[in-house]
Amino acid sequence: MSNPTPIVFETTNYELPAHQKRALLWTLYIGYLALVAGVFHGLAQALSYANIDILQYFPILRSYYQGLTAHGVANVLIFTFSFSNAFLPLMTARALSRPLNSTLLWASFGTLVFGNILTVYAIVSNQASVLYTSYAPLQAHWTYYVGLVFVVISTWLSTIVMLLAFFQWRREHPGMRVPLLAFISVVSYVMWFLASLPLAVSFLGFMIPWSIGILPKIDPLLTRTLFWFTAHAIVYAWLLPAYISWYVLVPRQAGGKVVSDSLTRFAFILFLILSIPTGFHHQYTDPGISNVMKGLHGVLTFGVFFPSLATAFSVMAALEMGGRAHGGKGLLGWILKLPWGDPSLTAQLLAMITFVFGGITGLINASLVMNQVIHNTTWVPGHFHMTVGSAVALTLVGVAYWLIPYLTGRGLWNRPMALASSWIYTIGVLIFARGMVSAGLEGMPRRFFRAADNAYDSAAWDLGGILTGVGGTLMFVGIMLFFVVIAVTIFFGRKGEHPRDIPWSETLTAPALTGWQPKLDQLKIWIPVAIVLVIIAYGPFLVSYLPPRLLSQGYQFW
Ligand code: HAS
Ligand code: CU
């Protein structure tokens, strides 16, 4: 009698071939370099709010807006997507115990490099001071837009790399539950692929032809709407790789287990469905969009709050399990027993704590009425430095502390310095955000070079401005320490003292094999649901608005 088919996939400690690991490693290097390069202007910007102008010492910069564009593009576009292009395929391959497609992997790397060269050229030569939001009618040189298109294509190639592995695995393992880690990795980039299409339409259909001169004028509201159509979901494309680490890797590092396989899958499915139809919450103050549609996007934004609450609950429970396994007692005593000496875990715990405040400020942003108070003030950068600037950035820093050793075969150098880096950064970001949030409530504008422009200044911004400067300086020091730790690790880390596997956690109970749970794996159910919601959320606006109103010429002010 033949053996019955096993239904739960037994994964092994699978290692990718060396050249595939190299492709991933070089992709990561681009990302971490972008992080470090981007924070220099971050420091200048933070000090400017404390009325200190250090920009004059940056000979390469022609204007504040050139620096702010570099900061935004490097830190939220290049850093995050380079990381995901490496991390998500690695997680998929490891969970499915199979190699990736080498040609596509290297093609993704090559496209990322090429896109970066074009975009960096445009920004460094001061032909793209349009900020990362790229709003028309501010106009950049075509190399800026084409470069970003190539960066997006690199993410699509990485998505295909993952889907190929995923479908091949499915063919070979009919009837099996997809391993959790592979499922949530694939869902993250499928969500991003769907979300990126409106931006592709905007750049290929409007911005690039306009920057080349084929299209003499542009529709600012339509292109801005297409931008946010993609760019609210973009924040979840940054966040989900961090969530993957919190859900499936952190429990192992803390000594706990994944609390629920189904809840984890369900949270990611909710992100797939709800991340995209919420973009109007960035446009509450824009004319030309009906209040009903703004209200609908507001309600859906509160919907997409829910999977993050579920994440908080689930990750906290996994941590508690770990703390108690290390001897922690009492209601909160387990927190102290978590392995705080592990720089990788500590960075991520600090990221989570900061994200609590990022979430609360997000809820206030999302409320149609309260948004009127904080929109375009420094409150908003206060919010996003506690989300992408710490929940994501610090998690990616924490992941680097095991991932770079894992891929290079060298042990992490100087753990105390690695720990100090995250603590200094976190204390910095909390002071910084306190400053930005409070000064924002006093009306201090964002995207504003305060140190050089006192025409509309207010004494009510002084305390917030100083806190912003102090916090921003600490954040800068934290990232520099991170850079030193990683650079020395890469060149001089002790060979052979690296982790032999990713820190992968077990789940409390195996995935269910009967009932409704296996349906969670069916992307063919969830992708159409996501598309229908997007049509409901954007269809009425597009139907009433189109055709495009090509009314504005381009402007280059700085
Ligand atoms: Fe946001 C603006 C609403 C999350 C990023 N956001 C921005 C901008 C950026 C950004 C970059 O509705 C500015 C864009 C620009 O340049 O104009 N945001 C939200 C809401 C959420 C939210 C409702 N944002 C994010 C995330 C981001 C991000 C995530 C990046 C990664 N945001 C808005 C709105 C605006 C906005 C409006 C427009 C404002 C305007 O007027 O311009 C929510 O998804 C947040 C949910 C989060 C939570 C927190 C869960 C907490 C967890 C940690 C648990 C802690 C543990 C600790 C376990 C519910 C999961 C345990 C540790 C121990 C040691 C015990
Ligand atoms: Cu948003």
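In this predicted model, an oxygen atom of ligand 1 sits 3.1 Å from a polar backbone atom of A366. Two side chains add further polar contacts, for a polar side-chain atom of Y236 lies 2.5 Å from an oxygen atom of ligand 1, while an N or O atom in the side chain of N365 is 3.5 Å from a nitrogen atom of the ligand.

| Residue | Part of the residue | Atom of ligand 1 | Distance |
|---|---|---|---|
| A366 | backbone | oxygen | 3.1 Å |
| Y236 | side chain | oxygen | 2.5 Å |
| N365 | side chain | nitrogen | 3.5 Å |

**The metal atoms**

The iron atom of ligand 1 has a single protein donor, the NE2 atom of H383, at a distance of 2.2 Å. H383 belongs to helix α12, which covers residues 379–385. The copper ion, ligand 2, is separated from the iron atom of ligand 1 by 4.5 Å.

**The shell around ligand 1**

There are 38 residues around ligand 1, and those that come nearest are Y236, N371, H375, H383 and R446. By class, the shell is made up of 25 nonpolar, eleven polar and two charged residues. At least two residues of this shell are supplied by each of α6 (220–254), α8 (291–325), α9 (333–336), α10 (343–366), α12 and α13 (388–408). Helix α10 provides the largest share, with eight residues.

**Internal cavities**

The structure contains four cavities of 30 Å³ or more, and the largest of them has a volume of about 120 Å³. Its lining consists of L77, F81, Y132, S134, L148, V151, V152, W192, L199, F203, F227 and I234. Two or more residues of that lining come from each of α2 (64–96), α4 (142–172), α5 (180–212) and α6. The lining of the largest cavity comprises eleven nonpolar residues and one polar residue, with no charged residues.

The second largest cavity holds about 80 Å³ of space, and the residues that line this cavity are L148, V149, V152, W156, S196, L199, A200 and F203. Helices α4 and α5 each contribute at least two residues to the lining of the second largest cavity, which divides into seven nonpolar residues, one polar residue and no charged residues. L148, V152, L199 and F203 appear in the linings of both the largest and the second largest cavity. Helix α6, for its part, gives two or more residues to the lining of the largest cavity and at least two residues to the shell around ligand 1.

Key. Residues are numbered from 1 along each chain as its sequence is written. Chains are lettered from A and ligands numbered from 1 in the order in which they are written. This is a predicted model: local features need pLDDT of at least 70, side-chain atom pairs count only at pLDDT 80 or more; totals for chains, interfaces and linings use all residues. Side-chain values use heavy atoms; hydrogens and water are left out. Donors are N, O and S atoms within 2.8 Å of the metal (3.2 Å for Na, K and Ca); water is not among the atoms, so sites may look incomplete. Helices (H or I, at least four residues) and strands (E, at least two) are DSSP runs, numbered from the N terminus. A residue is near a molecule or strand if one of its heavy atoms lies within 4 Å of it. A polar contact is a pair of N or O atoms within 3.5 Å; within protein, one must be able to donate a hydrogen and the other to accept it, and residues adjacent in sequence count only if both atoms are side-chain atoms. Ala, Val, Leu, Ile, Met, Phe, Trp, Tyr, Cys and Pro count as nonpolar, Asp, Glu, Lys and Arg as charged, and the others, Gly among them, as polar. On a 1 Å grid over the protein atoms alone, a cavity is a set of points where a 1.4 Å probe fits but cannot get out, and a pocket is an open set with protein on both sides within 12 Å along at least five of seven lines; lining residues have an atom within 4 Å of a point. Grid points are joined across faces, edges and corners, and a volume is the space filled by probe spheres set on the points.
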